[in-house]
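Work through the exercises below with the model open. Try each task before reading its solution.

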Amino acid sequence: MIQDISPSRFSNVYEDVKPGSGDYVFAFDGDGKVLLKKDGGLVTFSEDFLEGDGKAIYLFSIDEDRYFLATKGTNPGKEGLEYYSIRQIRDKFSDQPGTVVFAAFTAYHLWRWYADNRYCGRCRGEMSPGTTERALICPDCGNTVYPRINPAVIVGVKKGDCLLLTKYRTGYGHNALVAGFTEIGETLEETVKREVMEETGVEVTNIRYYKSQPWGMAQDILAGFYCDAVGEGTIHMDDGELKYAQWVKREDIVLQPNNLSLTNEMMKMFKEGKE
């Protein structure tokens, strides 16, 4: 999966430091596209990359490499660089060294949070980065905002030797599992029951946790669960959200084209008879 970068080690401990030679810098445009080398390589810091009052904030480290976010004043006009959407990075560069896609997704997650919280939701003052922790602080009223993480579930619904596969009506075009966000006041297990019922009309039981995954594309933490269909498992698909929902035998499951997602790993586990 995307976070499986061993033997490399990821550290998200915040540091109030400036970039230097050899550090990596992520620069995003207004649409959330990130500047990379055309071969998918990451952009290293140089003095002429940040123009005028350009600034870069520390994001995280992987092994000895440090990663920063250019917050403004960038000069993206260097030859051999190009803007890519996070979805393009997922599709085009998934065969790059494991840290590249993971670093880009995690940087996107943090960029989205910084971009969405430029101004205080309490008094409308301009927010400033904290110096001792990952936070945005309003200098006018003291309001402190921490990074947002959306809890969501991925659900492998089983019926004998079949798995319930879906495809979204828009967006990602490959096989998927039932998925959805946890609502306020819900447990993760209640989310599993509700999302499966809403999307496919199938009642489930015997819900059991499998594994979790950070998914920066949507600022998520994904929790994977397997469960069993009750009775015949007759499907009544929500055609406003899905264009496909069907029980598929193990041997007929078509996996996603890369191994980045928790969804694909869960489908593969079932296909190979390990779940």
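**Exercise 1. Place M237 and describe its surroundings.**

Start with the chain. M237 sits in the loop between strands β14 (220–229) and β15 (242–249). Helices (H or I, at least four residues) and strands (E, at least two) are DSSP runs, numbered from the N terminus. The model is predicted: local features need pLDDT of at least 70, side-chain atom pairs count only at pLDDT 80 or more, and totals for chains, interfaces and linings use all residues. Residues are numbered from 1 along each chain as its sequence is written, and side-chain values use heavy atoms, with hydrogens and water left out.

Next, exposure. M237 has a relative accessible area of 30%, so it is partly exposed. (Buried means under 20%, exposed over 50%, partly exposed in between, with a 1.4 Å probe and protein chains only.)

Then contacts, meaning heavy atoms within 4.5 Å. Leaving aside neighbours within four places in sequence, M237 touches E199, T200, L242, K243, Y244 and A245.

**Exercise 2. Check the length of helix α3 and find what covers it.**

Helix α3 covers residues 188–200, which is 13 residues. The expected span is 1.5 Å times one less than the number of residues. That gives 18 Å, and the end C-alpha atoms are 18 Å apart, so the two agree.

Now look inward. The buried residues of α3 are T191, V192, R194, E195, V196, E199 and T200. Their cover includes β10 (150–159), β11 (162–168), β12 (178–181), β13 (204–215), β14 and β15.

Finish at the helix end. Just after α3, G201 takes a positive phi of about 75°.
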